[in-house]
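Hi,

Here is the structure I promised to pass on. Have a look at it first, and my notes follow below.

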Amino acid sequence: MLDLFQGEAAREHLPPISHEELSDEQVIEEMWRIKEELKDKVLVLGHHYQQDDIIQFADLKGDSLKLAQDASSIEKPYIVFCGVHFMAETADILTADDKTVILPDLAAGCSMADMADREEIDSAWDYLTSCTQEKIVPVTYINCAATLKDFVGQHDGSICTSSNAEKVIRWALDQGEKLLFFPDQHLGRNTCYKMGIGLDEMVTYNPNLPNGGLTPEKIQKAKVILWYGYCSVHQGFTAAQVRAIKEKDPETHVIVHPECSFDVVKAADEDGSTAYIINRVNELPAGSKIAIGTEINLVNRLAAAHPDKTITSLSPYQCLCTTMYRVRPRWLLASFRAIKEDKPINVIKVDKKVAAGSKKALDTMLSLS
Ligand code: SF4
């Protein structure tokens, strides 16, 4: 098995159930047993990017928003979210107070979400709003901490997903003259460009530079201010890979996620959210050759589900989300055991005030969808 945790990382990430106590096979056997015992109490959610040995235990599979929404209508007291931290927070915000949301490994974060924190956004907002009289409307991609969702709720903005980004950005630009989009510069840039906004109307705010690296003049001139964040997984795809695939076989259809950079999206045949990619793969006729620019677990699962099509990763390096990978069977089993004892571990509880602001921003998005 691929071992991503070596040296210091391995020491910090010792499994909660040791290999001396249970072999890998015994872990899986015990999980099936406990899951059956807890079937009225536990709902297991599995994000598309999880490994097969985790996804097999998922009662529901999907993207982060769909999972959180579906969970809110199912009457089970415990929700185990096999995903990353911001997804478990969103599930906690959207589900009733008496439900307990668990993230099997609290170290399962998201590199993109970590590229913007509340303090940085507050300070950027103060600077940006001091530079212009025009109204700036904030929109955050759902891949961020709850404190940022709360920020947009407090400033009459909205959340978006990769499926509805265009609709939400259109709405935001109807509310004001400028858009502040965070934390993913690529989703923001790709979406705005598709809407007809020129690259020369967009600037990137880098919180590591004084004033984000932007002069007041640049801010006054811009229609769209993009936060500098990005997904480390989708950064692994390049336009050169698209060209290489097309040169080898021009009939290969290339579909990428809009978290990929602008030149990759431009070079690809089409781009869209995880749900869009799944639908397109379903729609394309038997015999199609498809190269996909998104996380490798989803690509592999699509390849297995469509043996009549040739489905490969766009990248030869098989881009894997290492933080999603932190949710391993031993961590999931530890969560199950703790629930069985009614002493849940790794509970995600969003502060009430933050949850209220976030909910407002989520409701704005849902009202637009
Ligand atoms: S794939 Fe990228 S955006 Fe999604 S959880 Fe992993 S690091 Fe975050």
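Which residue follows H7, and what is the sign of its phi? That residue is Asp-156, and its phi is positive, near 55°.

Some housekeeping: residues are numbered from 1 along each chain as its sequence is written. This is a predicted model, where local features need pLDDT of at least 70, side-chain atom pairs count only at pLDDT 80 or more, and totals for chains, interfaces and linings use all residues.

Back to helix H7, residues 146–154 (helices are DSSP runs of H or I with at least four residues, strands are E runs of at least two, numbered from the N terminus). Seven of its nine residues are buried, meaning 20 or more other C-beta atoms, placed from the backbone, lie within 10 Å of a residue's own. Among them are Leu-148, Phe-151 and Val-152. The buried residues of H7 pack against several elements, including H5 and helix H16 (352–368).

Next, the largest nonpolar core (buried Ala, Val, Leu, Ile, Met, Phe, Trp, Tyr and Cys residues joined through C-beta atoms within 7 Å). It has 107 residues, and Ile-79, Phe-81 and Ala-91 have the most contacts inside it. Helix H5 (residues 85–94) gives the most to this core, with six residues.

Leu-43 is in strand E1 (residues 42–47). Leu-43 counts as buried because 24 other C-beta atoms lie within 10 Å. Leaving out residues up to four places away in sequence, Leu-43 touches Asp-59, Ala-71, Ile-74, Lys-76 and Ile-79, where contact means C-beta atoms, placed from the backbone, within 7 Å.

Cheers

Definitions and conventions: Buried ≥ 20, exposed ≤ 12 C-beta atoms within 10 Å, placed from the backbone. Contact = placed C-beta atoms within 7 Å.
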